[in-house]
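Reader: I'd like a close look at one part of this model. Please take the loop that precedes the sixteenth strand, and then follow the charged pairs outward from there. Keep it brisk.

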Amino acid sequence: MAELSVVGGGVIGLSVAWRASARGHRVTVYDPEPGRGASWLAGGMLAPVTEAWPGEEDVLTLGEASLRRWPDFARELAEEGVDPGLSPHGTLVAALDSADAGNLEMLAVYLTELGREVERLTGREARRAEPGLAGSVRSGLLVPGDLAVDNRRLLHALEHACGLHGVEFRHETVTDLEDLEGGVVLAAGAWTGRLHPALAGAVRPLKGEILRLRPRRGCLPPPKRTVRAMVEGRPIYLVPRDDGQLVLGATQYEAGFDETVTVRGVRELLEGAERVFPGIAEYELVETAAGLRAASVDTMPFIGELGEGVFAATGHHRNGLLMAPVTADAAVAWLEGGPLPDEVVAAAPSRRSEERV
């Protein structure tokens with residue numbers, strides 16, 4: 001039995017802690033508020049294909065490797081006692097004008113060349129798939145292989161599973177790794193760059209605002225699948241929840257560690273979403289919040305050993321929930337002295353020193 005200290009209690013840290021403790025290791029998680037932070041505010045999209053773009057093939061490969069793990073990950077988590085709410089309904093990407101339609105066609109061609117399953121839709125076909133879409137939608141792209149998960153149910157499920165396997169939670173902020181016992185996994189999200197010199201300047205906070213809406217009586221119901229679009233160059237996504245709520249995101253700012261919700265951010269999200277799905281204008285606004293994604297210098301996370309018994313599991317940018325299974329598998333493999341999954345090789349922290357050379 002090995003001893004493991006996990007710094008950070010978001011989806012990555014909790015996934016590592018669950019997987020390691022379930023294999024009999026003694027695990028301690030350090031976080032002032034486990035189960036909160038950026039993971040609490042995530043949209044829940046598990047969509048490596050619709051996040052893909054030319055030049056980021058390694059990110060796509062890593063995301064797809066983790067997506068393949070998600071059905072078993074969710075099933076095993078549900079068997080521990082709490083269902084994380086995995087949705088198999090796919091993603092519909094909508095184009096509102098000719099520029100959007102051109103970008104959507106570029107994405108479709110790119111993904112088709114990579115052998116990914118996509119279906120081109122006319123505007124009429126897109127509205128048939130999602131009746132609430134605006135009449136101005138010109139075309140769409142249906143990606144049936146994408147999944148989504150209820151991020152808050154997932155966090156609850158992970159905390160519950162950790163408790164079943166004896167994970168100790170210490171509600172404190174770690175500033176010195178020398179005080180920790182055993183192997184150390186750094187999964188403190190946007191704050192991880194402050195904990196190890198090898199990650200200084202490599203992981204930064206990227207602010208994002210998110211809204212939660214609820215349809216009132218007589219309103220058009222939310223879409224049945226994730227809907228994504230670009231509105232005047234800004235990404236918009238709408239992710240339905242089983243309880244009837246709709247998660248709307250996401251703005252993206254370089255704002256340091258500022259977590260305040262701005263009027264501009266809320267206005268941009270609501271105006272953009274109304275252009276894509278007009279019926280939400282009559283929805284109830286339930287929650288506004290802002291969180292800090294952990295962005296890396298090149299969109300690829302840092303997953304791998306930093307030396308001296310420290311393992312990096314950070315910098316996942318928009319893909320923390322998506323990449324939780326493969327990151328947890330890699331961390332447990334490292335803890336047990338085994339080989340890491342092939343797909344995480346490109347995410348090795350050592351690539352920073354190689355790039356400098």
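Author: Helices and strands here are DSSP runs, numbered from the N terminus; a helix needs at least four residues and a strand at least two. The model is predicted. With that in place, the loop can be located. Threonine 299 sits in the loop between β15 (284-296) and β16 (302-307). Its phi is positive, about 70 degrees, although threonine 299 is not a glycine. Most residues other than glycine have a negative phi. Is threonine 299 buried or exposed? Neither: threonine 299 is partly exposed, at 28% relative accessible area.

Now the charged residue of that loop. Aspartate 298 forms a salt bridge with arginine 351, N to O at 2.9 Å. Arginine 351 belongs to helix α10 (residues 351-356) and aspartate 298 to the loop between β15 and β16, so the pair ties together parts 53 residues apart in sequence. The two ends are placed as follows. Arginine 351 counts as buried at 9% relative accessibility, and aspartate 298 as partly exposed at 30%.

Move along β16. Glutamate 308 lies in the loop between β16 and β17 (310-314). Here too phi is positive in a residue other than glycine, near 55 degrees. Glutamate 308 counts as exposed, with 82% relative accessibility.

Back to the pairs. The salt-bridge count comes to 21. One of them joins aspartate 329 and arginine 69, at 2.8 Å from N to O. Aspartate 329 is in helix α9 (residues 324-335) and arginine 69 in helix α4, so this pair ties together parts that are 260 residues apart in sequence. Both ends are partly exposed: aspartate 329 at 26%, arginine 69 at 23%.

Stay on helix α4. Arginine 75 and glutamate 79 both lie in it, four residues apart, about one turn of the helix. Their side chains meet in a salt bridge of 3.1 Å, N to O. Arginine 75 is partly exposed at 40% relative accessible area. Glutamate 79 counts as exposed at 57%. The pair has company: Arg19, Asp72, Arg75, Glu76 and Glu79 are linked in a network of salt bridges.

Next, the domains. The domain assignment gives domain 1 as 3-84 + 149-202 + 297-355, and domain 2 as 88-146 + 205-295. Their contact takes 35 residues from domain 1 and 34 from domain 2. The C-alpha centres lie 26 Å apart. Together the domains bury about 2800 Å² between them, 58% of it on carbon and sulfur atoms. How many salt bridges are counted between domain 1 and domain 2? Four. Residue pairs in polar contact between the domains number 11. On the side of domain 1 that touches domain 2, β3 (45-46), α3 (48-51), α4 (57-79) and α7 (151-164) each supply at least two residues. That side divides into 18 nonpolar, nine polar and eight charged residues. Elsewhere on the list of charged pairs, arginine 116 and glutamate 64 meet in a salt bridge of 2.3 Å, N to O.

Two more loops finish the look. Aspartate 150 is in the loop between β8 (147-149) and α7. Aspartate 150 is buried, at 12% relative accessible area. Beyond its neighbours within four places in sequence, aspartate 150 is in contact with Pro84, Gly85 and Arg241. The other loop runs between β14 (246-249) and α8 (263-276), and it holds alanine 250. A cis peptide bond joins glycine 249 to alanine 250, with omega about -5 degrees. Most peptide bonds are trans.

Key. Residues numbered from 1 in each chain as written. Predicted model: local features only at pLDDT ≥ 70, side-chain atom pairs only at ≥ 80, totals over all residues. Heavy atoms only, no water. Domains from an automatic or database assignment. Contact = heavy atoms within 4.5 Å. Buried area = accessible area lost by both parts, 1.4 Å probe. Polar contact = N/O pair within 3.5 Å; in protein donor to acceptor, adjacent residues only side chain to side chain. Nonpolar A, V, L, I, M, F, W, Y, C, P; charged D, E, K, R; others polar. Buried < 20%, exposed > 50% of the residue type's maximum accessible area, 1.4 Å probe, protein only.
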